[in-house]
Amino acid sequence: MTQSAYWNRIAAQAQAEDRPFFSLAPMEAVTGSVFRRVVMRAAAPDNFYTEFTNALSITHPKAKVTTRGRLYIDPSETPKPIVQLWGNSGEDFAKAAKEVQRQGYEAIDINMGCPDMAVIKNHSGSDLIRHFDTAKAVIDGARQADLPVSVKTRLGFDHLEEYETWIPFLLKQQVPVLTVHVRTRAEMSKVPAHYDLIDQLVQMRDTLAPDTLLQINGDIPDYQAGIKLATEHPGVDGIMIGRGIFTNPYAFEKVPQAHTSHDLLELLRYQLDLYDQFVAMGIQGHFAPLQRFFKIYVRGMRGAAEIRNALMQTQTTAEVRTIIDQLEAEN
Ligand SMILES: Cc1cc2nc3c(=O)[nH]c(=O)nc-3n(C[C@H](O)[C@H](O)[C@H](O)COP(=O)(O)O)c2cc1C
């Protein structure tokens, strides 16, 4: 595969239908293989990302076992997810890139936006926004494997104006895709996303790296909102949606359908089945606690709060199924 064949394929699909491409955002303890397949079934985006995975851990003799769950790709996943890595050393990224390639990944994304203090103290994630040299070293390191290397970042670390130097710096690295969560690290997700800066980002891209695809992220709830944003800002190639999926598991549906409680509970059943299969494979490692997902499926149901409370008390998938069966029998 050439450096950006992966992304060219995604972009070509999107252009064929005259729309931006859509991605489910990387989300720690959420976008593992199980939930990616749930979203695939509900309404698939063009693109999926893994949860972020520490580059050093991937090849570390003691830690690598902990990354197996995060890095697992099911054969039914098409296209293969993009693996998102975080870290602070070109050497770690070079080793990790070769290992994820060996495991079958076709594209790598580097996290340069995580606001978590532990990650920042590790000189990783959004800390790279104030250390251009490290940012360059990790991109160069990740490029040691023969895979395309993209970046997901924020506009700045403390101050909005930082985007004026940070984004051009990243564009000059000629990454195939630059995903920008249009907020600073300091803003976390507490202020509205800076859509007013999108046209400037497009202009920077057009000037410095016309081949780089620009993907916008932040507060975009669903496909329709993504189309609207991309129409208002010509030149945006991709739309990434994160938390929208918690409000609506059908967020990527092109023509919104009415979904019944039964549809939602069927999706939950599917997630439980996949979860059981995953556990049965005996892969040791991080796996999202199921409980954080329950609210997605009971939202809007009569007595949603009580149902959710009951689900939160469960300890096994069998107990969850019993509650779902009761709910369906009552309706
Ligand atoms: C639970 C959770 C976990 C996240 N984990 C990651 C991650 O592993 N890597 C990453 O780049 N961003 C991560 N993010 C940030 C999202 O990818 C996204 O940038 C952010 O939520 C803004 O997009 P949204 O408004 O569509 O949610 C996470 C966000 C949430 C809510």
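A salt bridge here means a side-chain nitrogen of Lys or Arg within 4 Å of a carboxyl oxygen of Asp or Glu. Keep that cut-off in mind, and keep in mind too that what you're looking at is a predicted model. With that rule, Arg269 and Glu266 qualify, since their closest N and O atoms are 2.8 Å apart. We'll come back to that pair after a walk through the sheet.

Start with the strands. There are 9 of them in an open sheet, and reading across you go E2-E1-E9-E8-E7-E6-E5-E4-E3, with parallel pairing. At the edges you find strand E2 (47–48) and strand E3 (53–54); each has a single partner strand, so one side of each has no neighbour in the sheet.

Now look further in. Strand E6 (residues 149–156) and strand E7 (residues 177–184) run parallel and are joined by 5 bridges. If you want a register point for that pairing, take Val151, whose bridge partner in E7 is Leu178. Helices pack on this framework as well. Helix H10 (residues 223–232) touches strand E1 (21–24), strand E8 (213–217) and strand E9 (238–241), and its direction makes about 145° with that of E9. Elsewhere, helix H5 (residues 90–102) lies across strand E4 (83–86) and strand E5 (108–112), and its angle to E4 is about 160°.

Strand E9 is worth a slower look. On one flank, E1 runs parallel to E9 and is joined to it by 4 bridges, with Ser23 standing opposite Met240. On the other, E8 and E9 pair in the parallel sense over 3 bridges, and here Gln215 stands opposite Gly238. What about the side-to-side pattern along E9? Gly238 and Met240 point one way, Ile239 and Ile241 point the other way, and all are buried. Put E8, H10 and E9 together and you have a right-handed β-α-β unit.

The loops around that unit bring us back to charges. Side chains of opposite charge can pair when their charged atoms come close. By the cut-off given at the start, the count comes to 19 salt bridges. One of them joins Asp219 to Arg243, with the closest N and O atoms 3.1 Å apart. Asp219 sits in the loop between E8 and H10, while Arg243 sits in the loop between E9 and helix H11 (244–247), so the pair ties together parts that are 24 residues apart in sequence. Both residues count as partly exposed: Asp219 has 38% relative accessibility, and Arg243 has 43%.

Back to Arg269, then. Arg269 and Glu266 are 3 residues apart in helix H12 (residues 261–280), which means about one helical turn separates them. Is Arg269 buried or exposed? At 17% relative accessibility, Arg269 counts as buried, whereas Glu266 is partly exposed with a relative accessible area of 34%.

Arg269 has another partner too: its side chain meets that of Asp325 in a salt bridge (2.6 Å, N to O). This pair links distant parts of the chain, with Arg269 in helix H12 and Asp325 in helix H15 (residues 317–330), 56 residues apart. Asp325 counts as partly exposed, at 42% relative accessibility. Follow the shared partners and you get one network of salt bridges that joins Glu266, Arg269, Asp325 and Glu328.

Definitions and conventions: Residues are numbered from 1 along each chain as its sequence is written. This is a predicted model: local features need pLDDT of at least 70, side-chain atom pairs count only at pLDDT 80 or more; totals for chains, interfaces and linings use all residues. Side-chain values use heavy atoms; hydrogens and water are left out. Two strands pair if DSSP finds at least two bridges between them. Helices (H or I, at least four residues) and strands (E, at least two) are DSSP runs, numbered from the N terminus. Contact means heavy atoms within 4.5 Å. Axes are lines fitted to C-alpha atoms, for helices over the stretch in contact, and angles run from 0 to 180 degrees between N-to-C directions. Buried means under 20% relative accessible area, exposed over 50%, partly exposed in between (1.4 Å probe, protein chains only). A crossover is right-handed if, with the strands pointing away from the viewer, the path from the first strand over the helix to the second runs clockwise.
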